[in-house]
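Welcome, and please take a moment to turn the model around before reading on. The paragraphs below will lead you through it step by step.

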Amino acid sequence: MLIDMDDILCRFSHYQLIFYIRVFVQVFSGAQKCKHTTSKLSQVYHCTGCGTFALHPLGVLKTNEKNSKLVKFGIPTGPPVSHRCEHCGHPHHIGGPIWSGPLHSPDFVQEVLDTASEKLCTFKRIQGVLSVIKEELLDVPLYYALEKLSGTIHVETPPMMSIRSAILNAGYKVSFTHMNRTSIKTDAPANVIWDIMRCWEKEHPIAKKRLIENTPAYNILAKQLEKDYSFAAHPAANPESKKLGFLRFQANPLPHWGPGTRATAMVGENKIKKSKRNQGKRKREASQESSDANQD
Ligand SMILES: [Zn+2]
């Protein structure tokens, strides 16, 4: 949504609101602001084998060493990955551009948390989601899903607290994203993440018959472990929002919950949209009424 808004606002066109999202937009105008846009957008190189991603920003900002207010706009060199993934040897898909700037303002999130009334029916949900958002790493736009990391190398899924502790014990930052309860957002480079997974596999070895040559699992586990990681509980591994028992990831009330498909009606053998069948309905009824009146 942010990238759409950014693109559209840059062209001074209109933004169409869809479904139930209400958006309040503050527009900052000026050529300089538009130039900043490129540094907030990135192409994504997504590995088809192991799912590792790398970002390639469309533009870079260079601040002057003597005067931090002076900014130079540059074009980055790349790509950020080789022809084949350095972890599993598979090729990449290229996607984007995506929004890679900060997703929220922590001050604003805190303000909403402070002012949200407990009388609201959805207060617990608001409190839970915003608390997770507040804890999210601001400068990390994408995340890993824990079960996908373990699924790629066919190893049993480590407990979330263990993997978060291993990342923290290695000196990196980690958070959830409000989008996914098994998410890992981190500033640790991908090679550290795969090294931690190799370390986990060393402690929980997989059956060797599951390793088929040239698969991502085979190639990732064929690499030597760079160092040993500690999965011992780190004091910051359990986030505050979880300790306080907030409603963080509320399950949908029903399966397939959300906007449904458009209503359709059967006309003879054909299925047509109800909206189409009802086109001119009032006019038809009015003319029917007037012809009935004339006959009387
Ligand atoms: Zn890969």
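In which strand is the place of Pro-97? Pro-97 sits in strand β5, and the peptide bond that leads into Pro-97 from Gly-96 is cis, with omega near 5°. Please keep in mind that you are looking at a predicted model. Another cis peptide bond joins Gly-78 and Pro-79, where omega is about 0°. Pro-79 belongs to the loop between β4 (71-74) and β5 (92-99).

Now step back and take in the whole chain. Along it you can pick out 11 helices and 10 strands. Of its 296 residues, 30% are buried. Contacts across the sequence are worth a look too: counting those between residues at least 6 apart in sequence, 64% join residues at least 24 apart.

Let us turn to pairs of helices. Two packed helices are described by the angle between their axes and the distance between the axes. Begin with helix α3 (residues 106-115) and α4, which pack at an angle of about 155° with their axes 10 Å apart. An angle over 145 degrees counts as roughly antiparallel, so α3 is roughly antiparallel to α4. Their crossing is left-handed. On the α3 side you will find Val-109, Gln-110, Val-112 and Leu-113, and these meet Gln-127, Leu-130, Ser-131, Ile-133 and Lys-134 in α4. Sorted by class, the residues of this contact are 5 nonpolar, 3 polar and 1 charged.

Next, find α6 and α7. Here the angle is about 125° and the axes are 11 Å apart, which makes α6 oblique to α7. The crossing of α6 past α7 is right-handed. Ile-163, Ala-166 and Ile-167 of α6 make the contact with Ile-193, Ile-196 and Met-197 of α7. What classes of residues does the contact of α6 with α7 have? There are 6 nonpolar residues, no polar ones and no charged ones.

Stay with helix α6 (residues 160-169) for a moment, since Ser-162 has its place there. With 14% relative accessibility, Ser-162 counts as buried. Ser-162 and Ser-230 are 68 residues apart in sequence, and their C-alpha atoms are 8.7 Å apart in space.

A second serine to visit is Ser-150, in helix α5 (residues 146-152). Is Ser-150 buried or exposed? Its relative accessible area is 1%, so Ser-150 is buried. Setting aside neighbours within four places in sequence, Ser-150 is in contact with Val-155, Glu-156, Thr-157, Pro-158 and Met-197. You have already come across Met-197, one of the α7 residues in the contact with α6.

Follow the chain into the loop between α5 and α6, and you reach His-154. Although His-154 is not a glycine, it has a positive phi of about 60°. At 29% relative accessibility, His-154 counts as partly exposed. Asn-214, in the loop between α7 and α8 (216-222), also is not a glycine and has a positive phi, here of about 70°. Asn-214 counts as exposed, because its relative accessibility is 58% and the cut-off for exposed is over 50%.

Our last stop is the salt bridges. How many salt bridges does a search of the whole structure find? The search finds 5. One of them pairs Lys-185 with Glu-136, with the closest N and O atoms 3.1 Å apart. Lys-185 lies in strand β8 (residues 180-186) and Glu-136 in the loop between α4 (123-135) and β6 (144-145), so the pair ties together parts that are 49 residues apart in sequence. Both Lys-185 and Glu-136 are buried.

Inside helix α7 (residues 190-203), Asp-195 and Arg-198 are 3 residues apart, separated by about one helical turn. Their side chains meet in a salt bridge, at 3.2 Å from N to O. Asp-195 is buried at 0% relative accessibility, and Arg-198 is buried at 8%.

Helix α9 (residues 240-243) holds Glu-240 and Lys-243, again 3 residues apart and about one turn of the helix. These two form a salt bridge as well, the closest N and O atoms being 3.7 Å apart. Glu-240 is partly exposed at 46% relative accessibility, and Lys-243 is partly exposed with a relative accessible area of 48%.

Technical notes: Residues numbered from 1 in each chain as written. Predicted model: local features only at pLDDT ≥ 70, side-chain atom pairs only at ≥ 80, totals over all residues. Heavy atoms only, no water. Salt bridge = Lys/Arg side-chain N within 4 Å of Asp/Glu carboxyl O. Helix = DSSP H or I, 4+ residues; strand = E, 2+ residues; numbered from the N terminus. Buried < 20%, exposed > 50% of the residue type's maximum accessible area, 1.4 Å probe, protein only. Axes fitted to C-alpha atoms, helices over the stretch in contact; angles between N-to-C directions. Parallel < 35°, antiparallel > 145°, perpendicular 65-115°, else oblique. Left-handed = near helix turned anticlockwise from the far one by under 90°. Contact = heavy atoms within 4.5 Å. Nonpolar A, V, L, I, M, F, W, Y, C, P; charged D, E, K, R; others polar.
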